Amino acid sequence: AIVPFDDPHLIVKSDIQDAVEACVPGDLIILCEGDHILEDIDDLEVCLNITGLGKADKTRVILDCGYGFELVLKNPGSSCRIKNVTLMSKRGQAGLLASDGAEVVLTDCIIRGVTTGIKLSGEKTSSLFKWTDFVNCKTAIEIENGARCEFSGGLLEECEVGLKIRSIEQG
């Protein structure tokens, strides 16, 4: 189907930073091949849907938020769905943190060169990784406090720790 340019639901942005800042739940950010730098993003309390055109190794999102985890999702209803993209950290920091009921779905992605690729925390937090590779991460995936994680294909390459599961007692 062809979308007319006067469609109020179609917004064209010149870079991923502008697109993320303008998105509302249900929006889809489509990236062409190349490097896309995402910096200064606040904790996401909305849905973030990003799809790369082509293969994941040709469409790179370089996270440069400069502190702790580069991308943080908190609260029930927060979700992140990323497809056909390589996620990297410019400074080699941690990748994505999902907690307190957030949801993460990665399909045909590569998580590369971060200290912790994905950290999931909390009983209501869930994730699905479909054909997603974790490459050159100190820890690929960390799961704590009853978070749920489902895998379907994908590789763990050159990671010091593939999967870390722990329970932290509250008290």
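Patches here are made of residues with over 30% relative accessible area and no salt bridge, and nonpolar side chains are joined within 5 Å. In this predicted model, Leu28, Ile30 and Leu53 make up a nonpolar patch of that kind on the surface, and together they offer about 290 Å² of accessible area. Leu28 sits in the loop that runs between helix H1 (16-22) and strand E1 (29-31). With a relative accessible area of 49%, Leu28 comes out as partly exposed.

Before going further, a word on confidence. The protein has a mean pLDDT of 84, and 85% of its residues reach 70 or more. The start of the chain is another matter: over residues 1-5 pLDDT stays under 50, and the model has three contacts beyond four places in sequence for that stretch. Where pLDDT is low, the predicted coordinates should not be read in detail.

Next come the strands, beginning with E3. Strand E3 covers residues 47-52, and five of its six residues are buried, leaving the strand mostly covered. On one pairing, E3 goes with E1 in the parallel sense, over three bridges. Within E3, it is Gly52 that stands opposite Leu31. E3 also pairs with E6, again in the parallel sense and over five bridges. There, Ile50 has Ile82 of E6 as its bridge partner.

A second set of pairings involves E4. Strand E4 takes in residues 59-63, and four of its five residues are buried, so the rest of the structure largely encloses it. Strand E2 (residues 34-38) runs parallel to E4, and five bridges join the two. His36 has Val61 in E4 as its bridge partner. E4 is joined to E7 as well, by four bridges, and these two strands also run parallel. In that pairing, Leu63 is matched with Ser89 of E7.

Strand E7 (residues 86-89) is also where Thr86 is found. The relative accessible area of Thr86 is 2%, so this residue is buried, given that buried means under 20%. What surrounds Thr86? Setting aside neighbours within four places in sequence, Thr86 is in contact with Ala56, Asp57, Thr59, Arg60, Val61, Ile110 and Arg112. One of these contacts, Val61, is the residue already met as the bridge partner of His36.

Charged side chains add another layer to the picture, with a count of eight salt bridges. One of them joins Arg81 and Glu103, whose closest N and O atoms are 2.9 Å apart. This pair links distant parts of the chain, since Arg81 belongs to strand E6 (residues 79-83) and Glu103 to strand E9 (residues 103-107), 22 residues apart. Are the two partners buried or partly exposed? Arg81 is partly exposed, at a relative accessible area of 38%, and Glu103, at 27%, also counts as partly exposed.

Other salt bridges come together in a network that links Lys119, Glu142, Glu144 and Arg166. Within it, Lys119 forms a salt bridge with Glu144, with the closest N and O atoms 3.8 Å apart. Lys119 lies in strand E11 (residues 116-121) and Glu144 in strand E14 (residues 139-144), so this pair ties together parts that are 25 residues apart in sequence. Lys119 is buried, with a relative accessible area of 16%, and Glu144 is buried too, at 6%.

Glu144 also forms a salt bridge with Arg166, and here the closest N and O atoms are 3.1 Å apart. Because Glu144 lies in strand E14 and Arg166 in strand E17 (residues 161-166), the pair ties together parts that are 22 residues apart in sequence. Arg166 is partly exposed, its relative accessible area being 38%, whereas Glu144 is buried.

Technical notes
Residues are numbered from 1 along each chain as its sequence is written. This is a predicted model: local features need pLDDT of at least 70, side-chain atom pairs count only at pLDDT 80 or more; totals for chains, interfaces and linings use all residues. Side-chain values use heavy atoms; hydrogens and water are left out. A salt bridge is a side-chain nitrogen of Lys or Arg within 4 Å of a carboxyl oxygen of Asp or Glu. Buried means under 20% relative accessible area, exposed over 50%, partly exposed in between (1.4 Å probe, protein chains only). Contact means heavy atoms within 4.5 Å. Patches are made of residues with over 30% relative accessible area and no salt bridge: like charges are joined within 9 Å, nonpolar side chains (Val, Leu, Ile, Met, Phe, Trp, Tyr) within 5 Å. Accessible areas come from the Shrake-Rupley method with a 1.4 Å probe; for residues, only the protein chains shown count as cover. Two strands pair if DSSP finds at least two bridges between them. pLDDT is the predictor's confidence in each residue, from 0 to 100.
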